[in-house]
Amino acid sequence: MSLAMNLSRLWAAIGKETKIILRDREALLILFAMPLAFVLIMSLAMQDAFKAEGGATFPVVINDLDGGRIGKAVVEALSDSSFFEVETVRAPEQIDDDKIKDYFAEGRYKFAIIIPPDTTEGAKERLKSQFSFSEKGENEEVSLRLFSDPTLRSDHGRLVATILNRILQGLESQMLLEQIAGAMGGAKTDEGGAEKGRVFAEIIPGASGANEEPLPTSVQQSVPAYSLFAMFFVVIPLSGTFIRERQEGSFLRLQSMPVSPWIHMIGKVVPFFIINQIQIILMFLVGIYVIPLFGGDSLTLGDSYLGIAMITVSASIAAIGFGLLVAVFSKTTEQATTFGGISVIIFSALGGIMVPKFLMPDFMQQLANISPLSWGLESFFDLFVRKGGVGDILQEFFMLLLFGFICTSIAVWRYHRAVR
């Protein structure tokens, strides 16, 4: 009889809380609409930054005043690269320094390359003079001019300079072979001679068998990240229900009823737990079906649906436990909203929700481990990106459960004291 009565009271408490939540339709809509908007916007906005080939492309203008072999090789090499969008200005039109500054100010180009007149002929004469194939005096080094938008990171400029140097080194080796072959009366090497004569194979990242850490796509980052953010954001409506009970006198009536604090707590927890599950299902569906309609990547869930369910449940328990903790210690709605909202944002910033952890410095990546949102996000990465299973997420799963249990236990203890 006692068990049946407790179940009846629990069902009544769940029904009461559900009606309160459904009554505030605007707040309920925000709980679903806000994270869905975040997922859609951030997944599309960051998809280039997460691409394996490096993401954003850089518009480049090349002023080819040479019109010879070197100018042609530089234009072709950069045009074939996925990193650059190349526009060529041919001789006799010449771009001066002021014009380049205007281009950068307008945001039209990020880099400008000027290939001076007679660059190809100057390179040939330089090679001849170095090996005494020519009676002319030693020529100066042949140089190209590279300009970078001052607003770019310095490493981007160094990257382009390295690429140009590599192109020129390849041309230099090829032209050198041709000069040697011509001087020795041998057969003339073709334009692929330098490549055919290479001793070492091209080094390809990841081909050596090294165990490199895979990076998520923008969708694999954004969907689980903002799903967790939405789960923890229930701290605001959850704490609001407690405070309204105190303000409206419901709390005083509960003191006179023979209802265990656990029953009252569970009655509040269950509706928000269901909301969390609906939130994450909707977020996953948006990642799988909606984002690809806008040109983004589709969310891949990995192979362990049990692992996904475990993390979803444990993260929800952690989020609701934290919400209960904030609720019982807050005296006003303003306190709960301010402290709860700010603490979730701090947890999110630390945990790699807003800024991916692989972009953080090392000490920040270590600091991220104190955030429960980081535990959940790493678990989703284990499942989605690293193709792991249940065994790979057990540590984070139990950490989230423990966090939720500690928060809930403190909240029940505080609530029980208040009722007594």
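Tyr103 and Tyr109 are both buried in this predicted model. Their ring centres lie 5.0 Å apart and their planes stand at 80 degrees; angles over 60 count as edge-to-face, so the pair of Tyr103 and Tyr109 is classed as edge-to-face. A second pair is formed by Phe284 and Phe380, with ring centres 6.1 Å apart and planes at 85 degrees, so this pair too is edge-to-face. The pair joins distant parts of the chain, since Phe284 belongs to helix H11 and Phe380 to helix H15, with their positions 96 residues apart in the numbering. Phe284 and Phe380 are each buried. In total, 13 aromatic pairs were counted. Ring pairs also connect Phe38, Tyr226, Phe229 and Phe233 into a cluster.

Phe284 and Phe380 recur in the description of the interior. The largest nonpolar core comprises 43 residues, and those with the most contacts inside it are Phe232, Phe284, Phe322, Phe380 and Phe384. At least two residues of this core come from each of the helices H8 (218-232), H11, H12 (305-329), H13 (333-350), H15 (372-384) and H16 (390-419). Helix H12 gives the largest share, 9 residues. For Phe384, the contacts beyond four places in sequence are with Gln220, Pro224, Phe284, Leu299, Thr300, Leu301, Gly302 and Ile308. Another core, of 20 residues, lies apart from the one just described; Ile62, Ile113, Leu127 and Ile167 are among its members. In soluble globular proteins, nonpolar side chains tend to be buried together.

Nonpolar side chains also occur at the surface. Ile274, Ile278, Ile281, Leu282, Leu285, Tyr289, Val290, Leu293 and Phe294 make up a nonpolar surface patch, and their combined accessible area is about 880 Å². One of these residues, Leu285, is located in helix H11, which spans residues 261-290. The relative accessible area of Leu285 is 40%, so Leu285 is classed as partly exposed. Helix H11 thus holds both Leu285, a member of the patch, and the buried Phe284.

Two residues other than glycine were found with a positive phi. For Asp118 the angle is about 60 degrees. Asp118 is placed in the loop that runs between strand S3 (111-115) and helix H5 (119-130). With a relative accessible area of 55%, Asp118 lies over the 50% cut-off and is therefore exposed. Lys387 likewise has a positive phi, near 60 degrees. The loop between H15 and H16 contains Lys387. The relative accessible area of Lys387 is 47%, so this residue is partly exposed.

Considered as a whole, the protein contains 16 helices and 4 strands. Of its 420 residues, 43% count as buried. Among contacts between residues at least 6 apart in sequence, 78% join residues at least 24 apart. The protein exposes about 23,000 Å², of which 61% is supplied by carbon and sulfur atoms.

Methods:
Residues are numbered from 1 along each chain as its sequence is written. This is a predicted model: local features need pLDDT of at least 70, side-chain atom pairs count only at pLDDT 80 or more; totals for chains, interfaces and linings use all residues. Side-chain values use heavy atoms; hydrogens and water are left out. Patches are made of residues with over 30% relative accessible area and no salt bridge: like charges are joined within 9 Å, nonpolar side chains (Val, Leu, Ile, Met, Phe, Trp, Tyr) within 5 Å. Accessible areas come from the Shrake-Rupley method with a 1.4 Å probe; for residues, only the protein chains shown count as cover. A salt bridge is a side-chain nitrogen of Lys or Arg within 4 Å of a carboxyl oxygen of Asp or Glu. Buried means under 20% relative accessible area, exposed over 50%, partly exposed in between (1.4 Å probe, protein chains only). A nonpolar core is a set of buried Ala, Val, Leu, Ile, Met, Phe, Trp, Tyr and Cys residues joined through side-chain atoms within 4.5 Å. Contact means heavy atoms within 4.5 Å. Rings of Phe, Tyr and Trp (its six-membered ring) pair if their centres lie within 6.5 Å; planes under 30 degrees apart count as stacked, over 60 as edge-to-face and the rest as tilted.
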